[in-house]
Amino acid sequence: MPIFYDAATRSFRLDAGNSSYVMRVDPHGFLLHLYYGAKISDSDLGYLALPFNTSSFCPNPPGDPFGNFSLDNQPLEYPAYGTGDFRTAAVAIRGRNGCISTALHYRSCEIRPGKYSLPGLPAVYTNSDDEAETLEIVLEDDLTGAEVHLLYGVFANTNVITRAVVIKNTGTAAFSIEKAASAALDFPTMDYDLIHLYGQWAQERRISRESLSHDIRVVSSLRGSSSHNHNPFAALVAHSADEDHGEAYGFSLIYSGNFAIETECDSLDSTRLVMGINATDFSWNLDPGESFATPEAVLVYSQDGIGEMSRTFHKLYRYNLCRGEWKEKKRPILVNNWEATYFAFDDDKLVAIAKDAAELGIEMLVMDDGWFGKRNDDHSSLGDWFVNEQKLKGGLKSLVDRVNALGVQFGIWFEPEMISADSDLIRSHPDWCLCAPGREMSIARTQYVLDMSRADVRDYLFDTISGILSQANIVYVKWDFNRNLTEAGSALLPASQQQEVFHRYVLGLCELLDRLTSAFPHVLFEGCSGGGGRFDPAMLYYSPQIWTSDDTDAIERCRIQYGTSMVYPASAISAHVSACPNHQTGRSTSFETRGNVAMAGAFGYELDLTKLTDEERALVRKQVAQYHAYYDTIQNGDLYRLVSPFENENFCAWEYVSADRKEALVTFVVPRCRVNFTSFVRMKGLDPNMRYQDVETGRIYFGNTLMNAGLNLTAHWKDGDSHIYCFRAVEN
Ligand code: DGJ
């Protein structure tokens, strides 16, 4: 089993796949973190702790009269604030005395089969108990009575360790949690690059990679959601690490709210990483007997480069995070009417699109924004989830029945967490908005944010959304969210608890999503936030696919999807063929390239099918057939990133290899051509001794030839060209 505890030395070794993670309780009772990396066989690594205090300025904890020990330079498993460790803390508790000083000593441990779960929060799960074990270590702060339960989920056959923390108040007085990270990690060196994903609306998840230096860096969000700007993910990788070689540590937080991933390199050249809920504007009151659970952190170790780290995340998130009927079910090819019509549609227009969808092999029509209240632009009606029968004459059921009669399924858009300044809902419930009493509310896209921490708000949303979903045969919901949170206060909470609102909002959102996904298990939920502003693992727990970006330009999408693939599997990356010239960039790209790029995700269309030329209709049919043919390899295979669009301005390439390594697909895109343009690409992940046939040319190569000598893709390419090369194994 993957967890070893040696009572004699009070050492813990967690063996997850080919990785090990080692801790030890030191003689003072502090829990030290001694190792994380490639698999090792020793459990007692006490020799790695620093043997003496490196600076007289660093105080010694009580009980260390000789001054040999300082928390400021030991590698600590869950560092506490205010008692001698001056680096970035994982936890800070304000006691009844008003002071924030926390000292955590080891109390006990327990090892159990299976993986822990977290109350009210999304988390990775096991499909059978023998997949993982749980370690629970209890630390205690004597003064406040805070019991800190460190939870570890250790996967036996994959390099994954999950962490979360539950804090219990076992004392007699309330205290407040000022910071409670999900995980902290100390590394003895700072020889790493930090990789993270940053961006903005329509430009999500660009890859940043920079060497660590002697400073504190924070990848974070204070926007109330994970955000377009920073994804709740970071990696520490060896300076020399590339896609296939070198150590890479990936850290992903299953949380869709304010988060922070902090890295600090200190004067001893060691590195600390702390990740969890953002401590800014956070404070949580905990009365005696109460508990607080942090979100879950997922740690992935790879000895074989960044690509292997990504593939580990892909499998984990596809099979151990996404849930429900749609988790592994083939997703329908859909057409969404947003870029086709925006708000200007009625039932007949939608039926006309559905009719073409049916003829072209597209399986679902999604009715986007504008079907409710009096919404004909983005100035009104969010919250008024009642069908606009002037637009949908005959009502929703009649429309859905007409679409279904064509053999096309039906999906619908909601933006549940929002309320328009012009809505019946705000007129009847002005107190349902997030607000800071006395301060005028900031407005974005003429909308405010509902206070999801309130049970009455969630009940209203559950009832109205359920009412709509029960009216007709609706099998898909797009759950949108189109602004950041400001003035995050709740009318129901006292002044002393307003700093709980950001987190209570997330808990409320999770509760509502849980209720709805349980009540409508047949419905496929797709997450969305102005494109990919909430593309995070927490949303994947409820919606197995997420709209990746409002930028549907195929060339821009190469980067966006490439960055997204750092953590998230193809099955999660919703990608559509849209109209030309592209509505966001004005760029003209061929229909083929738009299809080839969208093929790398949950595939669909986002244009007016009724306006296609015959030639384009033929291409849609071809793409639909291709999608079905390649589905298994792309959705269930392994991704290899071959040439990065962030590093090569002329061409980029990625490859999917089927689980049995009998099919490989190389997608090659030329965002920007140049004269005398040569392009060679080495394939990856093939069986070196198997022979593969290029299905187009018929030419046969050994796997080792394709992976070493590579492919010669030099041709008379033009800007925006692309191609998918398909190789299939043949009998030797
Ligand atoms: C933002 C989404 O990303 C779009 O796809 C579309 O649904 C609009 N909202 C509708 O308002």
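Start the tour by selecting S381, a residue that counts as buried because its relative accessibility is 1%, in what is a predicted model throughout. S381 is found in the loop between β22 (364-367) and α4 (395-405), and a look at its backbone shows a positive phi of about 80 degrees, although S381 is not a glycine.

Next, select N676, which also has a positive phi without being a glycine, here of about 50 degrees. Is N676 buried or exposed? With a relative accessibility of 71%, N676 counts as exposed, and you will find N676 in the loop between β33 (663-669) and β34 (680-681).

For one more backbone detail, go to C580 and P581, where the peptide bond from C580 to P581 is cis, with omega near -5 degrees. The place of P581 is in the loop that lies between β29 (573-578) and α10 (591-598).

Now step back and colour the protein by domain, using domain 1 for residues 3-320, domain 2 for 331-547 and domain 3 for 642-730. If you place a marker at the centre of domain 2 and another at the centre of domain 3, taken over C-alpha atoms, the two are separated by 41 Å.

Select strand β14 next, at residues 230-238, and show its surroundings: 8 of its 9 residues are buried, so β14 is largely enclosed by the rest of the structure. Strand β11 (residues 192-200) runs antiparallel to β14 and is joined to it by 6 bridges, and to see one such pairing you can select I195, whose bridge partner in β14 is A235. Strand β15 (residues 248-254) is likewise antiparallel to β14, with 5 bridges joining the two; here V237 has A248 of β15 as its bridge partner.

From there, move to an open sheet of 6 strands, which can be followed in the order β31-β32-β33-β38-β35-β36 with antiparallel pairing. Which strands are the edge strands? They are β31 and β36 (700-702), each of which pairs on one side only. Looking along the sheet, you may notice that neighbouring strands are turned by 25 degrees against each other on average, direction ignored. Within this sheet, zoom in on β35 (residues 691-694) and β38 (residues 722-730), which pair in the antiparallel sense over 4 bridges, and select R691 together with its bridge partner in β38, V730.

Finish with the cavities, of which the structure holds 7 with a volume of 30 Å³ or more. The largest cavity has a volume of about 140 Å³, and to find it you can select F30, L76, Y78, A80 and L104, the closest to its centre of the 14 residues that line it. The lining of the largest cavity divides into 10 nonpolar, 2 polar and 2 charged residues.

The second largest cavity, with a volume of about 110 Å³, is lined by R557, C558, Q561, Y562, S565, I573, A600, L639, R641, W654 and Y656. Show α9 (554-564), β31 (638-643) and β32 (652-657) as well, since these elements give two or more residues to the lining of the second largest cavity. Which element gives the largest share of that lining? The largest share comes from α9, with 4 residues. Coloured by class, the lining of the second largest cavity shows 7 nonpolar, 2 polar and 2 charged residues.

Terms used
Residues are numbered from 1 along each chain as its sequence is written. This is a predicted model: local features need pLDDT of at least 70, side-chain atom pairs count only at pLDDT 80 or more; totals for chains, interfaces and linings use all residues. Side-chain values use heavy atoms; hydrogens and water are left out. On a 1 Å grid over the protein atoms alone, a cavity is a set of points where a 1.4 Å probe fits but cannot get out, and a pocket is an open set with protein on both sides within 12 Å along at least five of seven lines; lining residues have an atom within 4 Å of a point. Grid points are joined across faces, edges and corners, and a volume is the space filled by probe spheres set on the points. Ala, Val, Leu, Ile, Met, Phe, Trp, Tyr, Cys and Pro count as nonpolar, Asp, Glu, Lys and Arg as charged, and the others, Gly among them, as polar. Domain bounds come from an automatic or database domain assignment. Buried means under 20% relative accessible area, exposed over 50%, partly exposed in between (1.4 Å probe, protein chains only). Two strands pair if DSSP finds at least two bridges between them. Axes are lines fitted to C-alpha atoms, for helices over the stretch in contact, and angles run from 0 to 180 degrees between N-to-C directions.
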